[in-house]
Amino acid sequence: MALVEPMRAPFVLPNLSDIVLTAKFFRALGDPTRLRILQAVMHGEKNVSELVEITGSLQGRVSSHLACLRWCGYVTTRRDGRNVYYRVTDPRVRKLVELAAKVVRDHVERIRTCTIIDRRRTARRRSRGRRAA
């Protein structure tokens with residue numbers, strides 16, 4: 001039951017401001033599948049197969065989201081034979097997700113009716129479709 005070593009970037013990125021890094025931090029939480037995965041592993045270790053079942057997503061998609069979450073430090077891994085188990089080890093991540101759920105409950109109607117965020121997502125999807133055509 002050895003812990004898997006933390007990931008290290010094989011390249012150097014330009015310096016980013018604190019505000020840009022913080023926005024990037026929140027974008028990682030902005031995907032519903034990544035958030036479902038995080039919530040699932042907050043309640044105990046899970047392997048990819050378990051997370052596929054919980055999220056209803058394809059294995060490749062779950063693995064990609066896990067790579068993002070692991071790379072950004074939201075989850076860590078533990079290998080047991082052929083299985084890799086994911087879990088949240090930083091209690092601040094757990095607190096942040098729990099706090100976000102409380103804020104959402106307090107502002108559910110305002111968040112539900114916000115169209116600005118939805119417009120940006122729709123615009124990105126349209127531009128991807130044009131590039132593929």
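Biologist: Is Arg-78 buried or exposed in this predicted model?

Modeller: The relative accessible area of Arg-78 is 11%. The limit for a buried residue is under 20%. Arg-78 therefore counts as buried.

Biologist: With which residue does Arg-78 form a salt bridge, the closest N and O atoms being 4.0 Å apart?

Modeller: Side chains of opposite charge can pair when their charged atoms come close. For Arg-78, the closest N and O atoms of the bridge are 4.0 Å apart. The partner is partly exposed, at 38% relative accessibility. The residue that pairs with Arg-78 is Asp-80.

Biologist: How many residues apart are Arg-87 and Glu-45?

Modeller: The side chains of Arg-87 and Glu-45 form a salt bridge, with an N to O distance of 2.7 Å. This pair links distant parts of the chain, since Arg-87 belongs to strand E2 (residues 83-87) and Glu-45 to the loop between H2 and H3. Glu-45 is partly exposed, with a relative accessible area of 29%. The separation of Arg-87 and Glu-45 is 42 residues.

Biologist: Which residues are joined into one network by salt bridges that share partners?

Modeller: A search of the whole structure finds five salt bridges. One of them joins Asp-90 and Arg-92 at 2.8 Å, N to O. Asp-90 is partly exposed at 21%, whereas Arg-92 is exposed at 63%. The network made by shared partners consists of Glu-45, Arg-78, Asp-80 and Arg-87.

Biologist: Which backbone nitrogen does the side chain of Asn-47 reach?

Modeller: Asn-47 is located in the loop between helix H2 (32-42) and helix H3 (48-55). Its relative accessible area of 11% lies under the 20% limit, so Asn-47 is buried. Beyond its neighbours within four places in sequence, Asn-47 is in contact with Asn-83, Val-84 and Tyr-85. At 3.1 Å, the side chain of Asn-47 reaches the backbone nitrogen of Ser-49.

Biologist: What is the angle between the planes of Phe-25 and Phe-26?

Modeller: The search of the whole structure finds two aromatic pairs. Phe-25 and Phe-26 form an edge-to-face pair, 5.2 Å centre to centre. Phe-25 is partly exposed at 33%, as is Phe-26 at 45%. The angle between the planes of Phe-25 and Phe-26 is 85 degrees.

Biologist: Which residue forms one aromatic cluster with Phe-25 and Phe-26?

Modeller: A pair of aromatic rings is described by the distance of the centres and the angle of the planes. The cluster contains Phe-25 and Phe-26, and the residue that completes it is Tyr-74.

Technical notes. Residues are numbered from 1 along each chain as its sequence is written. This is a predicted model: local features need pLDDT of at least 70, side-chain atom pairs count only at pLDDT 80 or more; totals for chains, interfaces and linings use all residues. Side-chain values use heavy atoms; hydrogens and water are left out. Helices (H or I, at least four residues) and strands (E, at least two) are DSSP runs, numbered from the N terminus. Buried means under 20% relative accessible area, exposed over 50%, partly exposed in between (1.4 Å probe, protein chains only). A polar contact is a pair of N or O atoms within 3.5 Å; within protein, one must be able to donate a hydrogen and the other to accept it, and residues adjacent in sequence count only if both atoms are side-chain atoms. Contact means heavy atoms within 4.5 Å. Rings of Phe, Tyr and Trp (its six-membered ring) pair if their centres lie within 6.5 Å; planes under 30 degrees apart count as stacked, over 60 as edge-to-face and the rest as tilted.
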